[in-house]
Amino acid sequence: MNKQEIDRIRQDFPILNQTVQDEPLIYFDNAATSQSPQTVIDQLVHFYQKDRANAHRGVHTLGQRATDLYEGGREKIAEFIGAQSPDEVTFTSGTTDSLNRIARGLVEPRLEAGDILLTTYLEHHSNLVPWQEVCQRTGAHLHFMPLDASGQIDLAGLEAMDTSRVKAIVTHHVSNVLGIHQPIQALGQWTRDRDTLLIVDGAQAVAHVPLDLAKWQVDAYAFSSHKMYGPMGLGVTYLNHRHLSTTQPVSYGGEMIHQVWDDHANYQQAPWKFEAGTQAISQVVGLAAAIDWISQIGFPLIQDQEAQISRRLYQGLSELEGVTIYTPEASAANGILSFNLQGIHPHDAATAYDQLGIALRAGHHCAQPLMRRLEVPATLRASLMVYNTEEEVDRFIQASQEVKEYFTYGT
């Protein structure tokens, strides 16, 4: 992607055109939250100015418009992720909420004492703690799968395991710390051959990788709007049609019911049985606009730009003395790079970067089991999106040297 194309893309993001600490903003914290293009902002404003009403409630004109926008957003999202039907798409408050609902509604009813769930030590806490809790309630066991040298799940190693009691594989699609991609399509075939479930945390993938979830035979997939150029406060659950009738709702109240008697109730069919109460209608409208923006740019251009600047960042940091990079070189093109400046606490370093106008992450990134295996309490994390530039990467590398020298008195 040439400079003119990048400049045009950046014009869509008004938040990037500002100074922080009297320096031009460099936003490298996209794995936490990406920014939104003006088209998304405009759609949110338009909804609140013209269409704000509750979906599926009123027969009046505004209510019908809100319903059409809400269900139209569901249809657009279903097509974007490769679902078979819009019925497979349910809205939540975020990836965390989606994973908890999958754990309680889909997986827990299938578990008995002694059953096994397989996961990895790379998981975000949101894709680990819910499964710990499910196992404690049911007597099932949580086991960690073998990984190969690149950090991917070792399919050959899985073959050597006793998998007779395995009820689900639970994994990220892309690691929020190391940027490692898991082979989701191969895992889908593996689980289908063994009549078990594949549950995927897709929060870090959906803005960067085209999805084909039905073809990949994924059972459940979770992601968030705010990591893919959309509004905050909205999550999406994909639930394969095989499980729509058997998966239990875990939240109850208005709209998800069919009939209510004095002492019991029954529920609507999916997806509405999973959506109790007033939903985040405006966020669905905004996410639909974000998908339109992604589709307009196209994944080939997005992936090419992100790979180019990510490799440049990896190469530049690897050439600096006193920098430890934790992201494997094989994952260097994936836009997430964790590292530390030797002898400098990550939080101190992040504060110094901020003084130079650079936003990046410092901490354990909600992945404490992984931090223990890396033998560090925390790391710095730079994460990139298509609107980041080579010039920003070069400035970041220069700033890393400046931060290092500031804390080591120029040595």
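Trainee: How many aromatic pairs does a search of the whole structure find?
Mentor: The model is a predicted one, and the search covers the whole of it rather than a single region. The number of aromatic pairs it finds is 14.

Trainee: What is the geometry of the aromatic pair that Phe13 and Trp293 form?
Mentor: The ring centres of Phe13 and Trp293 lie 5.2 Å apart, with 85° between the planes. Because planes over 60 degrees apart count as edge-to-face, the pair of Phe13 and Trp293 is classed as edge-to-face.

Trainee: How many residues apart are Phe13 and Trp293, and which elements hold them?
Mentor: Phe13 belongs to the loop between helix 1 (3–11) and strand 1 (19–20), whereas Trp293 is part of helix 9 (residues 281–297). The pair therefore links distant parts of the chain, and the separation of Phe13 and Trp293 is 280 residues.

Trainee: Are Phe13 and Trp293 buried or exposed?
Mentor: The relative accessible area is 1% for Phe13 and 2% for Trp293. Since buried means under 20% relative accessible area, Phe13 is buried, and Trp293 is likewise buried.

Trainee: Which residues do ring pairs link into a cluster with Phe13?
Mentor: The cluster is built through ring pairs, and Trp293 is one of its members alongside Phe13. The other residues linked into this cluster are Tyr229 and Tyr387.

Trainee: Which ring does the charged end of Arg373 sit over?
Mentor: The charged end of Arg373 is placed 5.5 Å from the centre of the ring in question. That ring belongs to Phe144.

Trainee: How many residues of strand 10 (residues 235–239) are buried?
Mentor: Both faces of strand 10 are covered, with Gly235, Thr237 and Leu239 buried on one side and Val236 and Tyr238 buried on the other. The count of buried residues in strand 10 is accordingly 5 of 5.

Trainee: Which residues of strand 4 and strand 9 stand opposite Gly235 or partner it by a bridge?
Mentor: Strand 4 (residues 89–92) pairs with strand 10 in the antiparallel sense over 4 bridges, while strand 9 (residues 220–224) is joined to strand 10 by 5 bridges and also runs antiparallel to it. Opposite Gly235 in strand 10 stands Thr92, and the bridge partner of Gly235 from strand 9 is Ser224.

Trainee: Which element gives the most to the largest nonpolar core?
Mentor: The largest nonpolar core has 74 residues, and those with the most contacts inside it are Ile81, Val218, Tyr221, Met228 and Tyr229. This core draws at least three residues from each of domain 1 (3–30 + 298–406) and domain 2 (40–295). With 10 residues, the element that gives the most to this core is helix 9.

Trainee: How many residues are in the other core, which lies apart from the largest one?
Mentor: Among the members of this other core are Leu313, Leu317, Leu320 and Leu356. The core lies apart from the largest nonpolar core, and its residue count is 29.

Trainee: How far apart in space are Asn340 and Val323, C-alpha to C-alpha?
Mentor: Asn340 has its place in strand 14 (residues 336–341) and counts as buried at 9% relative accessibility. Asn340 and Val323 are 17 residues apart in sequence, and their C-alpha separation is 5.8 Å.

Key
Residues are numbered from 1 along each chain as its sequence is written. This is a predicted model: local features need pLDDT of at least 70, side-chain atom pairs count only at pLDDT 80 or more; totals for chains, interfaces and linings use all residues. Side-chain values use heavy atoms; hydrogens and water are left out. Rings of Phe, Tyr and Trp (its six-membered ring) pair if their centres lie within 6.5 Å; planes under 30 degrees apart count as stacked, over 60 as edge-to-face and the rest as tilted. Helices (H or I, at least four residues) and strands (E, at least two) are DSSP runs, numbered from the N terminus. Buried means under 20% relative accessible area, exposed over 50%, partly exposed in between (1.4 Å probe, protein chains only). A charge sits over a ring if NZ of Lys or CZ of Arg is within 6 Å of the ring centre and within 35 degrees of the ring normal. Two strands pair if DSSP finds at least two bridges between them. A nonpolar core is a set of buried Ala, Val, Leu, Ile, Met, Phe, Trp, Tyr and Cys residues joined through side-chain atoms within 4.5 Å. Domain bounds come from an automatic or database domain assignment.
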